[in-house]
Amino acid sequence: MADFPFDIVGLDLDGTLLETHRDLGAAVNHALVVGGQEPVPLAGIEGLIGGGAKAMLRRVTDSRGGLPEDEFQVLYKALLAYYADHNSDHTRPYPGVEDTLGAITARGARLALITNKFESFARQILDALGLAQRFDVILGGDTLGKGRSKPAPDPLLEARAMLGGGSFVYVGDSSYDVAAARAAGVPVVVAGYGYCDRPPTELGGDAVIDSFAELVPALERLGER
Ligand SMILES: O=C(O)COP(=O)(O)O
Ligand SMILES: [Mg+2]
């Protein structure tokens, strides 16, 4: 077995491993309709993803003048209730995900899934897609508690510690991911095909991939630095 340059590969979920915007968009729009508001066009959904469902909804309501907190909470609860039942309707892995995850673990590295989604939703979706078993650790935005989700470095550092330490690289698609990796002091690969909130080359990662299938060669190049 050839040497792999990293002991642990940390992976973001939405926009990195999975195309989730249709189900997230449906959940946000369900909540907006419950609140008597206009839905967001599907094309506008992608740029809202990355900070978790609450941040997503907040960005929409704030852009429309904001809502009193109690009203916001009603919408947020409606979003969560809808998403609990519809988080895997149209959610799919990007091309190359299953083979690439298999190739990484075959070479002896371990996989940590680190998302800003609730851990329960991440597990539910990964189970539905038959991917949950691939990961040695799954951490959601709520796993470590308030203030300890990306862009904080905590989930990356915690995942590395849970796996006994070692060289760690992170892969994600948004500024939350790059900031978390920088704060954790680990290299980061940008999934340029994902829900990047800035042009991928401007996110400040160490490399950009245009397809998940490019990940292994990108990690090999990073490892040579
Ligand atoms: O649900 C979100 O907005 C973010 O999820 P991610 O951290 O997996 O990209
Ligand atoms: Mg993401």
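## Close-up views of a predicted model

**View 1. Ser-175 is partly exposed, with 19 C-beta neighbours inside 10 Å.** The model shown here and in the views below is predicted. Burial would need 20 or more other C-beta atoms within 10 Å, and exposure 12 or fewer, so Ser-175 falls in between. Ser-175 belongs to helix H7. Beyond its neighbours within four places in sequence, Ser-175 contacts Asp-197, Arg-198 and Leu-203. Gly-204 is 29 residues away from Ser-175 in sequence. In space, the C-alpha atoms of Ser-175 and Gly-204 are 8.4 Å apart.

**View 2. Six strands form an open, parallel sheet.** The strand order is E5-E4-E1-E6-E7-E8. Strand E5 (137-139) and strand E8 (207-209) are the edges, each pairing on one side only. Neighbouring strands of the sheet are turned against each other by 20 degrees on average, direction ignored. Strands of a sheet pair through backbone hydrogen bonds, either parallel or antiparallel.

**View 3. Strand E4 pairs with edge strand E5.** Strand E4 covers residues 110-114. Three bridges link E4 to E5, and the two strands run parallel. Across this pair, Leu-113 faces Ile-138 of E5.

**View 4. Strand E1 is covered on both faces.** Strand E1 spans residues 8-11. Ile-8 and Gly-10 lie on one side of E1, Val-9 and Leu-11 on the other. All four of these residues are buried. E1 runs parallel to E4, joined by four bridges. Ile-8 stands opposite Arg-110 of E4. Four bridges also join E1 to E6, again in parallel. On that side, Ile-8 has Phe-168 of E6 as its bridge partner.

**View 5. Strand E6 is largely enclosed by the rest of the structure.** Why does E6 count as largely enclosed? Five of its five residues are buried, so the rest of the structure largely encloses E6. Phe-168, Tyr-170 and Gly-172 point one way from the strand. Val-169 and Val-171 point the other way. In a regular strand the side chains alternate between the two faces of the sheet. E6 pairs with E7 through three bridges, in the parallel sense. Gly-172 of E6 has Val-190 of E7 as its bridge partner.

**View 6. Helix H8 lies across E6, E7 and E8.** The helix comprises residues 215-223. Strand E6 here is 168-172, and strand E7 is 188-191. H8 runs at about 170 degrees to E8.

**View 7. Helix H6 packs its buried residues against four strands and a helix.** H6 runs from residue 154 to 162. Its buried residues are Asp-154, Pro-155, Leu-156, Ala-159 and Arg-160. They pack against E1, E4, E5, E6 and helix H7 (175-184). Gly-164 follows H6, with a positive phi near 85 degrees. An α-helix has 3.6 residues a turn, so residues three or four places apart point the same way.

**View 8. Ala-31 is buried, with 27 other C-beta atoms within 10 Å.** This residue sits in helix H1 (residues 21-34). Which residues does Ala-31 contact, leaving aside its neighbours within four places in sequence? Its contacts are Leu-57, Leu-75, Tyr-76, Ala-78, Leu-79 and Tyr-82. Gly-65 is 34 residues from Ala-31 along the chain, and their C-alpha atoms are separated by 16 Å.

**View 9. Domain 1 touches domain 2.** The domain assignment gives domain 1 (8-19 + 91-223) and domain 2 (21-86). Their C-alpha centres lie 24 Å apart. At the contact, 13 residues of domain 1 meet nine residues of domain 2. The touching side of domain 1 has three nonpolar, six polar and four charged residues.

**View 10. Ligand 1 lies between the two domains.** Domain 1 (8-19 + 91-223) and domain 2 (21-86) both give residues to the shell around ligand 1, so the ligand lies between them. The ligand is surrounded by 13 residues. The closest are Leu-13, Asp-14, Thr-115, Asn-116 and Lys-117. Four residues of the shell are nonpolar, six are polar and three are charged.

Note on methods: Residues are numbered from 1 along each chain as its sequence is written. Chains are lettered from A and ligands numbered from 1 in the order in which they are written. This is a predicted model: local features need pLDDT of at least 70, side-chain atom pairs count only at pLDDT 80 or more; totals for chains, interfaces and linings use all residues. Two strands pair if DSSP finds at least two bridges between them. Axes are lines fitted to C-alpha atoms, for helices over the stretch in contact, and angles run from 0 to 180 degrees between N-to-C directions. Two residues are in contact if their C-beta atoms, placed from the backbone, lie within 7 Å. A residue is near a molecule or strand if its C-beta atom, placed from the backbone, lies within 6 Å of it. Ala, Val, Leu, Ile, Met, Phe, Trp, Tyr, Cys and Pro count as nonpolar, Asp, Glu, Lys and Arg as charged, and the others, Gly among them, as polar. Domain bounds come from an automatic or database domain assignment.
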